[in-house]
Amino acid sequence: MQNFIQYTPTEVVFGKGTEALTGAEAVKWGGRRVLIVFGGGSVVRSGLLKRVEDSLEQAGVAYEEFGGVKPNPRLSHAEEGVKRAVEFGADMILAVGGGSSIDTAKGIAHGAANPGVKLWDIWTKKVPLERSLPIGAVLTIAAAGSEMSDSAVLTNEETGKKAGINTDFNRVKFAVMNPELTYTLPEYQLACGVTDIMMHTMERYFIPGIKCQLTDEIAEGLLRTVIENGRIVLKNKQDYDAQAEIMWCSSLSHNNLTEAGRGKDFSVHKLGHALSAKYDVAHGASLAAVWGSWAKYVYGGALERFAKFGRKVWGVQAEDDQTAALEGIEATVEYFHAIGMPVSLKELGVAPSPAELKALALDATMNDSVKLTRIRPLGAKEILEIF
Ligand code: NZQ
Ligand code: ZN
């Protein structure tokens, strides 16, 4: 087990009706003037936004709305939010929605606390981030794990680059998680969420050569849980217990618990971000489309890890590691398919030309300047083969 720091400061407020506690939570964490960040309208249609605003009013918290966040959220929209937050004198940014709204809220919090600094300069670490505003979240989709992660992802439309920033300033102070809020999700988004949760766990699992028994057991249990309950909610969205399991998996898959002692890789995410930046495809779907290809390309370098994954997550019985590894990969790809995810670029609905494929590989590897995966170093040439 390698040395590690475990820091998960987010207060989780979990369960039915918990959105009614948003006002009290905001006050507890210093919010008196709150900018509410939300997406394209699902929280308006469901009545959630109104319930959150009622709760803020009851707690004596002033608020202003800032909607219109798109999936794969844009830098320019977050910059607009910074302006609004500064004009309003916001002392807290509250996301009501999914990863896109939460990440936009994180961007707004950083920008509003550093007026005059370009948000992308913070994102690219040209300007070090030394202060931010407190952030809260009311989660409506179990997927990105942004409600507990130290990460935020924005797309810069000018450069066509989708990039994340990791910092403890991204840690949300409180996350309100009512699994009932996910009942209105379209099946495709449910499946994207399940895929992303699996991927956050798997991007930390396949690193060879480090022994971490407890971390492995947590990761394997989390994967089995999200796989099983993913099947259930795709048949019945209103299964509270199944949605609750998935929502809790979402947070624990990406709050660093499943990397304790081993660390992370996130190479498949680099491929997915390149695809989303270019084609605006849903994040979870972008990962499902390339994972099988990535896994078949690299598994030989981490045979024991892939074999363990096959046996512990999918119940593969094969005694030799080669067969167990391949059966585990096949089971994963079949599962993605079964829940309605694409497992190839074609199924993702994109058809890059050879030149565009090369550009994607260069984007994923920062112009071939970084090597991906901790299994074996992959540059642009190898990533192109995976694409
Ligand atoms: O915009 P609205 O109208 O709210 O609709 C959203 C959106 O169309 C809809 N939706 C969300 N909750 C709903 C709902 N529709 C009906 N009922 C509900 N309860 O779902 C669509 C997707 O929403 P989005 O917020 O984009 O989903 P998700 O949570 O998957 O977030 C994806 C974004 O997070 C980033 C991704 O790259 C992507 O940009 N990620 C953020 C991470 C982080 N900050 O730690 C880590 C992840 O790896 C990921 O990169
Ligand atoms: Zn992800």
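**Figure 1. Helix α7 passes helix α9 in a left-handed crossing.** In this predicted model, the axes of α7 and of α9, the helix of residues 240-253, come within 9 Å and cross at roughly 35°. On the α7 side, the residues that take part are Gly 193, Val 194, Ile 197, His 200 and Thr 201, and they meet Ile 246, Cys 249, Ser 250 and Ser 253 in α9. When the residues of this contact are sorted by class, 4 are nonpolar, 5 are polar and none is charged.

**Figure 2. The surroundings of ligand 1 draw on several helices and a strand.** Which residues come nearest to ligand 1? Of the 35 residues around this ligand, the nearest are Gly 39, Gly 98, Gly 99, Ser 100 and Ser 146. At least two residues of the shell are supplied by each of the elements α2 (42-45), α5 (99-112), β6 (151-156) and α7 (187-202). Sorted by class, the shell around ligand 1 holds 11 nonpolar, 22 polar and 2 charged residues.

**Figure 3. Helices α10 and α11 cross in a right-handed way.** The axes of α10, which covers residues 267-279, and of α11, which covers residues 283-298, come within 8 Å and cross at roughly 130°. Because this angle is neither over 145 degrees nor in the range from 65 to 115 degrees, α10 is described as oblique to α11. From α10 the contact includes Val 268, His 269, Leu 271, Gly 272, Leu 275 and Ser 276, while from α11 it includes His 283, Ser 286, Leu 287, Val 290, Trp 291 and Trp 294. The residues of this contact divide into 7 nonpolar and 5 polar, with no charged residue.

**Figure 4. Helix α11 also meets helix α13.** The axes of α11 and of α13, the helix of residues 321-338, come within 10 Å and cross at roughly 170°. Since an angle over 145 degrees counts as roughly antiparallel, α11 is roughly antiparallel to α13. Ala 288, Gly 292, Ala 295 and Lys 296 are the residues of α11 in this contact, and their partners in α13 are Ile 329, Val 333 and Phe 336. By class, the contact of α11 with α13 has 5 nonpolar residues, 1 polar residue and 1 charged residue.

**Figure 5. Met 366 and Asp 368 lie in the loop between α15 and α16.** Most residues other than glycine have a negative phi. Met 366, however, has a positive phi of about 50° although it is not a glycine, and Asp 368, which is not a glycine either, has a positive phi of about 65°. The loop that holds Met 366 runs between α15 (354-364) and α16 (380-386), and Asp 368 has its place in the loop between α15 and α16 as well. Are these residues buried or partly exposed? Met 366 has 13 C-beta neighbours inside 10 Å and therefore counts as partly exposed, and Asp 368 is likewise partly exposed, with 13 other C-beta atoms within 10 Å.

**Figure 6. Phe 88 lies in helix α4.** This helix covers residues 75-88. Phe 88 has 16 C-beta neighbours inside 10 Å, so it counts as partly exposed. When residues up to four places away in sequence are left out, Phe 88 touches Arg 33, Leu 35 and Glu 64. Ala 144 is 56 residues apart from Phe 88 along the chain, and the C-alpha atoms of the two residues are separated by 29 Å.

**Figure 7. Gln 213 in helix α8 is an exposed residue.** Gln 213 has its place in α8, the helix of residues 213-235. With 9 C-beta neighbours inside 10 Å, Gln 213 counts as exposed, because a residue with 12 or fewer such neighbours is placed in that class. The C-alpha atoms of Gln 213 and Lys 381 are separated by 35 Å, and the two residues are 168 residues apart along the chain.

**Figure 8. Ala 338 in helix α13 is also exposed.** The place of Ala 338 is in α13, the helix that meets α11 in Figure 4. Ala 338 has 12 C-beta neighbours inside 10 Å and therefore counts as exposed. The C-alpha atoms of Ala 338 and Glu 64 are separated by 42 Å, and these residues stand 274 residues apart along the chain. Glu 64 is also one of the residues that Phe 88 touches.

Conventions. Residues numbered from 1 in each chain as written. Chains lettered and ligands numbered in written order. Predicted model: local features only at pLDDT ≥ 70, side-chain atom pairs only at ≥ 80, totals over all residues. Buried ≥ 20, exposed ≤ 12 C-beta atoms within 10 Å, placed from the backbone. Axes fitted to C-alpha atoms, helices over the stretch in contact; angles between N-to-C directions. Parallel < 35°, antiparallel > 145°, perpendicular 65-115°, else oblique. Left-handed = near helix turned anticlockwise from the far one by under 90°. Contact = placed C-beta atoms within 7 Å. Nonpolar A, V, L, I, M, F, W, Y, C, P; charged D, E, K, R; others polar. Near = placed C-beta within 6 Å.
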